[in-house]
Amino acid sequence: MVAAVFAERLRERGLELPPQSPPRHPYLAFREDDGVLYLSGKTPMLDGKVQFRGPLRTADDIELGREAAVLCTLQVLSAIEDAVGLERVASILRLTAYVSSAPEFEAQPDVANAASQLFTDILGPAGGHTRSAVGVAALPGGSAVELEVTVRLHPVAEGGA
């Protein structure tokens with residue numbers, strides 16, 4: 001279960017963590033190594049369907065991209081909760097935001113800002129991170145955005161899970 005403080009921060013924003021689906025291809029959803037959690041890319045999916053499709057083309061598409069980034073962030077937070085629990089997050093080390101973009105679209109950082117802000121809003125100082133926002137020609141399933149995240153974890157207490 002999500003720690004009370006994280007649940008309250010989500011609730012205040014009218015958000016909830018979506019359920020996770022197992023990977024559909026031969027890869028791991030996450031891997032923990034020496035206190036670092038590496039998450040496979042998360043796209044804006046609900047109920048097995050992409051909710052926001054790319055490519056983004058004009059300034060009018062920035063808000064759609066930001067909504068996609070928020071859903072991706074919720075997917076990431078849900079994956080962390082399922083993998084190790086949000087209370088173990090010491091810091092989000094790295095966020096890479098891939099934005100499906102037409103060649104003329106240059107607002108990838110504006111799209112990624114929605115994810116960056118939500119990590120900080122929910123996780124507090126632990127949500128701060130380094131970041132790249134990258135425009136790409138296409139993403140899996142036609143997604144508008146995909147997030148890749150690396151997390152530093154608090155150690156498990158002696159006798160803990």
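**Exercise 1.** Is D34 buried or exposed?

*Solution.* The model is predicted. Start with the place: D34 sits in the loop between β1 (30–33) and β2. Next, take the area. The relative accessible area of D34 is 70%. Exposed means over 50%. Therefore D34 is exposed. Now check the backbone. D34 is not a glycine, yet its phi is positive, about 50°.

**Exercise 2.** Find where D47 lies, then decide whether D47 is buried or exposed.

*Solution.* D47 belongs to the loop between β3 (45–46) and β4. Its relative accessible area is 78%, so D47 is exposed. D47 has a positive phi of about 50° and is not a glycine. Most residues other than glycine have a negative phi.

**Exercise 3.** Identify the peptide bond between G54 and P55, and place P55.

*Solution.* Omega is about 5° for the bond that joins G54 and P55. That bond is cis. P55 lies in the loop between β4 (49–50) and α2. Most peptide bonds are trans.

**Exercise 4.** Test the length of helix α3 (residues 108–123), then describe its packing.

*Solution.* Count first: α3 has 16 residues. At 1.5 Å a residue, the expected span is 22 Å. The end C-alpha atoms are 23 Å apart, so the two values agree. Turn to the buried residues of α3, among them V111, A115, F119 and L123. The buried residues of α3 pack against α1 (4–12), α2 (62–83), β5, β6 (130–136) and β7 (145–153). Just after α3, G124 takes a positive phi of about 65°.

**Exercise 5.** Which residues have the most contacts inside the largest nonpolar core?

*Solution.* They are I80, L123, L147, V149 and V151, in a core of 41 residues. α1, β2 (36–39), α2, β5, α3 and β7 each supply at least two of the core residues. The largest share, ten residues, comes from α2. Now follow L147. Beyond four places in sequence, L147 is in contact with residues including A69, V76, L95, T96 and A115. Turn to T96, in strand β5 (residues 89–100). T96 has a relative accessible area of 11%, so T96 is buried. Besides L147, T96 touches S132, V134, E146 and E148, with residues up to four places away in sequence not counted.

**Exercise 6.** Describe the largest pocket and its lining.

*Solution.* The largest pocket holds about 560 Å³ of space. It is lined by 24 residues, and R24, Y27, G41, T43 and M45 are the closest to its centre. By type, the lining has ten nonpolar, ten polar and four charged residues.

Methods:
Residues are numbered from 1 along each chain as its sequence is written. This is a predicted model: local features need pLDDT of at least 70, side-chain atom pairs count only at pLDDT 80 or more; totals for chains, interfaces and linings use all residues. Side-chain values use heavy atoms; hydrogens and water are left out. On a 1 Å grid over the protein atoms alone, a cavity is a set of points where a 1.4 Å probe fits but cannot get out, and a pocket is an open set with protein on both sides within 12 Å along at least five of seven lines; lining residues have an atom within 4 Å of a point. Grid points are joined across faces, edges and corners, and a volume is the space filled by probe spheres set on the points. Ala, Val, Leu, Ile, Met, Phe, Trp, Tyr, Cys and Pro count as nonpolar, Asp, Glu, Lys and Arg as charged, and the others, Gly among them, as polar. Helices (H or I, at least four residues) and strands (E, at least two) are DSSP runs, numbered from the N terminus. Buried means under 20% relative accessible area, exposed over 50%, partly exposed in between (1.4 Å probe, protein chains only). Contact means heavy atoms within 4.5 Å. The expected span of a helix is 1.5 Å times one less than its number of residues. A nonpolar core is a set of buried Ala, Val, Leu, Ile, Met, Phe, Trp, Tyr and Cys residues joined through side-chain atoms within 4.5 Å.
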